[in-house]
Amino acid sequence: MDVLTIGAFAKACRLSPKALRLYDELDLLRPARVDPDTGYRHYAVEQLEQARLVAWLRRVGMPLAGIRHVCSLGPGAAAAEIRAYWARVEAETAVRGDLAAFLVDHLTEESRRDTTMTTLELRHRAHSDRGRVRPANQDTAYAGARLLAVADGFGPAGATASAAAVEALRSLDTPEVPAGGILNLLEDAVQGAARAVRDAAGGTEEAGTTLTALLWTGSRLALVHIGDSRAYLLRDGELFRITHDHTVVQSMLDEGRLTPEEAASHPRRSLLLKALTGEESTTSVPDLRLHEARPGDRYLLCSDGLPAVVPDDTIGHLLATAPTPDEAVHALITGANTAGGPDNVSCVVADVREAGA
């Protein structure tokens, strides 16, 4: 076996001797031989590839525990794990990017009064339907002056959990909501919703709820999202999904392990990675972001009973052709039930309009 001194090995793999000693201590990269008298480390030439992999993974920011796991895998599984890690990084970065953009906007315009506060308003409609198959409705839909929300409960106390989550957010449905602290307010309210769900679920992870909500400030809509209920924006005739499903199947799509066609019929497509549940240790951090509102925008919040059976292009068509939020809500729910209605379906539709229009 050809061996190199730690200095020669460090030069060949472009890792410092200090880094090599650290990786030895962390069991990431053990030397091939250690001199029993001097403690001097020697490395095999065959270890150069692993050392370079460790260096590259450190450069992309992977934690040491993740690197240790990747190094223990074969090439194919290691590639899949790196792909999955980077998909998570991109999703987290997108959320932080939205927050950073909001902070820049807020700080640069702090001294300027938002003149659109008195010129824009929401017109909305909410409705929840049991569907054609389920014996009971575990969804909750709400539309108020400033708060729009959909929650999809699951488990033996699902209906109580979804109602408790939405009720906890209703404290934000007040005449005045300070725009500067809107995301903090939402985050605090979701923590309250998590506690309410735990009380409603009786401490069992088997019961819980998704939660997707929008809070209106007069010119912006702040979004909070956890689970697989969805939010859409129809703008200038084009439909945009503005939430990301927190499901096993969506993560497999992100990692390139499934095609959209395979995901649509996957047997675990409803298995959640994030939700508000009865057990504190399983409650995950929700997505938070801010959207600038424009006159003519139409927003849709819905439980997964709608997109599970109605394709996005059909949802977009129904939203675009319904004259009012009330007609849009009923057209969407009718569409889901016509397609079999296998699940509860709840919809909230809100139009952004100029006041008095």
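Buried, here, means under 20% relative accessible area. Keep that in mind while walking through this predicted model, starting with the aromatic rings.

There are 2 aromatic pairs to look at. Take Phe-9 and Tyr-43: their rings are stacked, 4.5 Å centre to centre with 10° between the planes. The two residues sit 34 residues apart, so to speak of a link between distant parts of the chain is fair, with Phe-9 in helix 1 (residues 6–13) and Tyr-43 in strand 3 (residues 41–44). Both Phe-9 and Tyr-43 are buried.

The other pair is Tyr-85 with Trp-86, and it counts as tilted because the planes meet at 55°, with the ring centres 6.4 Å apart. Tyr-85 has 12% relative accessibility, so it is buried, while Trp-86, at 39%, counts as partly exposed.

Now for the nonpolar residues. The largest nonpolar core has 26 residues, and Leu-169, Leu-186, Leu-211, Val-224 and Leu-276 have the most contacts inside it. Several elements give two or more residues to this core, including helix 6 (158–169), strand 8 (211–216) and strand 9 (220–226). Helix 7 provides the largest share, 8 residues.

Zoom in on Leu-186 to get a feel for the packing. Beyond its neighbours within four places in sequence, Leu-186 is in contact with Leu-172, Leu-215, Ala-222, Leu-223, Val-224 and Leu-288. Apart from this core lies another one, of 22 residues, with Cys-13, Leu-20, Ala-51 and Val-54 among them. In soluble globular proteins, nonpolar side chains tend to be buried together.

Methods
Residues numbered from 1 in each chain as written. Predicted model: local features only at pLDDT ≥ 70, side-chain atom pairs only at ≥ 80, totals over all residues. Heavy atoms only, no water. Phe/Tyr/Trp six-rings, centres within 6.5 Å; stacked < 30°, edge-to-face > 60°. Helix = DSSP H or I, 4+ residues; strand = E, 2+ residues; numbered from the N terminus. Buried < 20%, exposed > 50% of the residue type's maximum accessible area, 1.4 Å probe, protein only. Core = buried A, V, L, I, M, F, W, Y, C linked by side-chain atoms within 4.5 Å. Contact = heavy atoms within 4.5 Å.
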